[in-house]
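Student: I am new to this structure and would like a close look at a single part of it. Please choose one residue to begin with, and then lead me outward from there, step by step, through the rest of the chain.

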Amino acid sequence: MTEQFTRATPRLNRAARRAQLLSAAKSAFVSQGYHCAAMDDIADRAGVSKPVLYQHFPSKLELYLALLSETADELVAALRAAINETDDNDVRVHRAVEAIFRYVGGDSQGHRLVFESDLAGQPEVDRIVDHMTEACVGAITETITNDTGVDTAHGRLLAAGLVGLSQVSARYWLAQSGEVPQEEAVEMVYTLAWRGISRFPRQIKD
């Protein structure tokens with residue numbers, strides 16, 4: 001019995017073990033929510049004993065917050081990477097929308113932790129989500145200010161509109177079971193956003 005358990009849970013370095021535990025926790029929290037997920041179940045999913053789990057995460061809340069932070073960072077990283085792939089602001093807006101759709105439509109369903117958390121309203125959870133939103137807005141602001149000529153304050157407001165539009169549209173698209181193919185959905189939201197953003201220089205000059 002001991003041999004079988006040892007084979008199933010090979011020794012990992014701390015970083016690899018942490019990644020394994022976070023992966024197991026994501027599966028549990030996404031499917032059950034914070035309140036229903038149990039540390040026993042998470043340990044079982046990871047193939048470790050509960051004491052091993054507690055060595056890395058002293059409480060369920062700490063585990064959840066670590067996972068939430070990691071999951072939120074994934075969206076920010078994806079958005080920044082998408083924008084940095086080109087200097088063409090038109091293409092940047094398209095890729096930003098696409099990155100958010102891919103994040104929401106991903107197989108891991110990690111977006112549910114960020115946008116549908118049953119701990120929403122808890123200060124530490126809200127802080128992580130707010131930080132993610134600000135980071136996404138900040139990543140897009142420079143692109144919008146360069147293209148429209150508006151100042152930073154107005155650019156941030158437009159960037160927030162683009163982020164919000166993309167997030168809500170992507171979540172609605174997913175809730176409709178992808179009745180519209182993802183590529184078409186991205187193209188529609190991008191077109192709506194870009195036609196609005198790209199008109200700002202003409203409006204200012206008028």
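Tutor: Let us begin with Asn89, which counts as buried because its relative accessible area is 13%, and buried here means under 20%. Please keep in mind throughout that the model is predicted. Asn89 is found in helix 6, and when its neighbours within four places in sequence are left aside, Asn89 is in contact with Thr143, Asn146, Asp147 and Trp194. Those contacts give us several directions to follow along the chain.

One direction is to stay in helix 6 itself. Glu98 also lies in this helix, but Glu98 counts as partly exposed, with a relative accessible area of 24%. The C-alpha atom of Glu98 is separated by 8.3 Å from that of Glu187, although the two residues are 89 residues apart along the chain. Helix 6 covers residues 89–104, and in the loop between it and helix 7 (111–115) we find Gln109. Gln109 has a positive phi of about 60 degrees although it is not a glycine, and it is worth a pause, because most residues other than glycine have a negative phi. In terms of its surroundings, Gln109 is partly exposed, with a relative accessible area of 34%.

Another direction leads to helix 8, which spans residues 123–148 and holds Thr145. With a relative accessible area of 17%, Thr145 is buried, and, not counting residues up to four places away in sequence, it touches Val150, Asp151, Thr152 and Gly155. Continuing along the chain, we meet His154, which lies in helix 9 and which, at 48% relative accessibility, counts as partly exposed. The C-alpha atoms of His154 and Thr141 are 9.0 Å from one another, and these two residues are 13 residues apart along the chain.

Helix 9 (152–175) also takes part in a pocket: together with helix 10 (182–197), it supplies residues to the lining of the second largest pocket, at least two from each helix. This pocket has a volume of about 180 Å³. Its lining is made of Phe101, Ser169, Tyr172, Trp173, Gln176, Glu179, Val180, Ala185, Met188 and Val189, and these residues divide into seven nonpolar, two polar and one charged.

Having followed the chain from Asn89 towards its later residues, we can turn back to an earlier stretch, for which UniProt has annotations. An unreviewed UniProt entry places the feature "domain: HTH tetR-type" at residues 15–75, a stretch over which the chain is 87% helix and 0% strand, with end C-alpha atoms 21 Å apart. The UniProt annotation "DNA-binding region", also from an unreviewed entry, covers residues 38–57; over these residues the chain is 75% helix and 0% strand, and the end C-alpha atoms are 13 Å apart.

Within this stretch, helix 3 (residues 39–46) is a good place to see how buried residues can be arranged, and its buried residues are Met39, Ile42, Ala43 and Ala46. Seen down the axis of helix 3, these buried residues fall within an arc of 100 degrees, so they line one face of the helix. The general geometry helps in reading this: an α-helix has 3.6 residues a turn, so residues three or four places apart point the same way. The buried residues of helix 3 pack against helix 2 (14–36), helix 4 (50–56) and helix 5 (60–84). Just after helix 3 comes Gly47, whose phi is positive, near 75 degrees.

Finally, it helps to place these parts in the whole. The protein has eleven helices and zero strands, so that we can set every helix named above within the pattern α-α-α-α-α-α-α-α-α-α-α, read along the sequence. Taken along the principal axes, the C-alpha atoms fill a box of roughly 75 × 35 × 30 Å. Of the 206 residues in the protein, 41% are buried, Asn89, where we began, being one of the buried residues. Among the contacts with a separation of 6 or more, 65% are accounted for by residues 24 or more positions apart.

Methods: Residues are numbered from 1 along each chain as its sequence is written. This is a predicted model: local features need pLDDT of at least 70, side-chain atom pairs count only at pLDDT 80 or more; totals for chains, interfaces and linings use all residues. Side-chain values use heavy atoms; hydrogens and water are left out. UniProt positions are given in the numbering used here, feature names are shortened, and annotations may be inferred rather than shown by experiment. Helices (H or I, at least four residues) and strands (E, at least two) are DSSP runs, numbered from the N terminus. Buried means under 20% relative accessible area, exposed over 50%, partly exposed in between (1.4 Å probe, protein chains only). On a 1 Å grid over the protein atoms alone, a cavity is a set of points where a 1.4 Å probe fits but cannot get out, and a pocket is an open set with protein on both sides within 12 Å along at least five of seven lines; lining residues have an atom within 4 Å of a point. Grid points are joined across faces, edges and corners, and a volume is the space filled by probe spheres set on the points. Ala, Val, Leu, Ile, Met, Phe, Trp, Tyr, Cys and Pro count as nonpolar, Asp, Glu, Lys and Arg as charged, and the others, Gly among them, as polar. The arc is that of the directions from the helix axis to the C-beta atoms. Contact means heavy atoms within 4.5 Å.
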